[in-house]
Amino acid sequence: MINGVKNNIKHLITSKGRAKFWFIDDFISCGNNSSVRKALQQLVQEEMLLRISQGVYYYPKIDRELGLGVLYPSKESTALAIAKHYKMKVAPTGAFALNALGLTNQMQTVVAFYTNGRARQIDLGENVYIRFLHTSNQLLFEYNSYWMVLAIQAMLELGEKQITESVRNRLAEIKTKVCERDFTHDLRIAPIWAQEILRKL
């Protein structure tokens, strides 16, 4: 029975391609809970799947051209995949935004996002965590562009007086990734001082 469940899971996973996150409840149609868990455990042991956290798996890309081997997902993509699966609205914290945009070299063992859902912490192992922090600030979830909310959260974390020329240059790069419609929409949500800086980039 377990081999049949495992084959069903393998077929489903490979049909969707690599670089995709999977959650244990994605396999309800493949067998009962106990059999699915055992099959997933075997696929992890066989190195087909990566176990990211409890109930969270990843079918990785394999780099054979450069010999890099298994390409692990970033903490950011993992957090966003978890949020999407559980239908949570999320927005980056200022500290994470600075790191994601390369505006700080500080290593992060905790990747934190704000959410309109319940607070929770995901253990990725080796003292690395994804933390979802509940907030009542609904404006954070009204941005159309993820790049814009990253940029604005980073600016708020730094403060107006710390927006140096190098920061402006990075923000200008980010601005090119945002379509005009989203930029216009999202700019209205930002603080006035941030609006003025972003308009002049």
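**Figure 1. A loop between two strands holds Asn127.** In this predicted model, Asn127 is found in the loop that joins strand S8 (120-125) to strand S9 (128-134). Its phi is positive, about 60°, although Asn127 is not a glycine. For comparison with the general rule, most residues other than glycine have a negative phi. Is Asn127 buried or exposed? With a relative accessibility of 60%, Asn127 counts as exposed.

**Figure 2. Glu47 follows helix H2 and has a positive phi.** Here is another loop to visit: Glu47 lies between H2 and S2. The phi of Glu47 is about 65°, a positive value, although the residue is not a glycine. Glu47 is exposed, and its relative accessible area is 68%.

**Figure 3. Helix H2 turns one face inward, lined by its buried residues.** Helix H2 runs over residues 33-45, which makes 13 residues. At 1.5 Å a residue the helix should span 18 Å, and its end C-alpha atoms are indeed 18 Å apart, so the two values agree. Which residues of H2 are buried? They are Ser35, Val36, Ala39, Leu40 and Leu43. Looking down the axis of H2, you would find these buried residues within an arc of 130°, so they line one face of the helix. A general point helps here: an α-helix has 3.6 residues a turn, so residues three or four places apart point the same way.

**Figure 4. A salt bridge joins Lys6 and Glu46.** The structure holds 2 salt bridges, and this view shows the one in which the side chains of Lys6 and Glu46 meet, at 2.7 Å from N to O. Lys6 belongs to helix H1 (residues 2-16), while Glu46 sits in the loop between H2 and strand S2 (50-53), so the pair ties together parts that are 40 residues apart in sequence. Lys6 counts as buried, at 11% relative accessibility. Glu46, at 44%, counts as partly exposed. Helix H1 is also the place of Asn7, a partly exposed residue with a relative accessible area of 46%. Asn7 and Cys30 are 23 residues apart in sequence, and their C-alpha atoms are 8.9 Å apart in space.

**Figure 5. Arg170 and Glu173 form a salt bridge within helix H6.** How far apart are the closest N and O atoms of Arg170 and Glu173? They are 2.9 Å apart. Both residues lie in helix H6 (residues 165-175), 3 residues from each other, which is about one turn of the helix. Glu173 counts as partly exposed, with 44% relative accessibility.

**Figure 6. Phe23 and Tyr86 make an edge-to-face pair.** The structure holds 4 aromatic pairs. In the pair shown here, the ring centres of Phe23 and Tyr86 are 5.9 Å apart and the planes meet at 80°, so the pair is edge-to-face. Phe23 lies in strand S1 (residues 20-23) and Tyr86 in the loop between helix H3 (75-85) and strand S6 (90-92), so parts of the chain that are 63 residues apart in sequence are tied together. Phe23 is buried, with a relative accessible area of 4%, whereas Tyr86 is partly exposed, with 40%.

**Figure 7. Phe96 and Phe113 form a tilted aromatic pair.** Their rings are 4.8 Å apart, centre to centre, with 45° between the planes. Phe96 comes from helix H4 (residues 94-100) and Phe113 from strand S7 (residues 110-115), and the pair links these distant parts of the chain, 17 residues apart. Phe96 is buried at a relative accessible area of 4%, and Phe113 counts as buried at 0%.

**Figure 8. Two lysines lie over tryptophan rings.** Lys20 lies over the face of Trp22, 5.1 Å from the ring centre. Over the ring of Trp147 sits the charged end of Lys177, at 5.0 Å from the centre.

**Figure 9. The whole chain places the close-ups in context.** There are 8 helices and 9 strands in the chain. Its C-alpha trace spans about 65 × 40 × 35 Å along the principal axes. Of the 201 residues in the chain, 40% are buried. Among contacts between residues at least 6 apart in sequence, 59% join residues at least 24 apart.

Note on methods: Residues numbered from 1 in each chain as written. Predicted model: local features only at pLDDT ≥ 70, side-chain atom pairs only at ≥ 80, totals over all residues. Heavy atoms only, no water. Helix = DSSP H or I, 4+ residues; strand = E, 2+ residues; numbered from the N terminus. Expected span 1.5 Å × (residues − 1). Buried < 20%, exposed > 50% of the residue type's maximum accessible area, 1.4 Å probe, protein only. Arc of directions from axis to C-beta. Phe/Tyr/Trp six-rings, centres within 6.5 Å; stacked < 30°, edge-to-face > 60°. Lys NZ or Arg CZ within 6 Å of the ring centre and 35° of its normal. Salt bridge = Lys/Arg side-chain N within 4 Å of Asp/Glu carboxyl O. Contact = heavy atoms within 4.5 Å.
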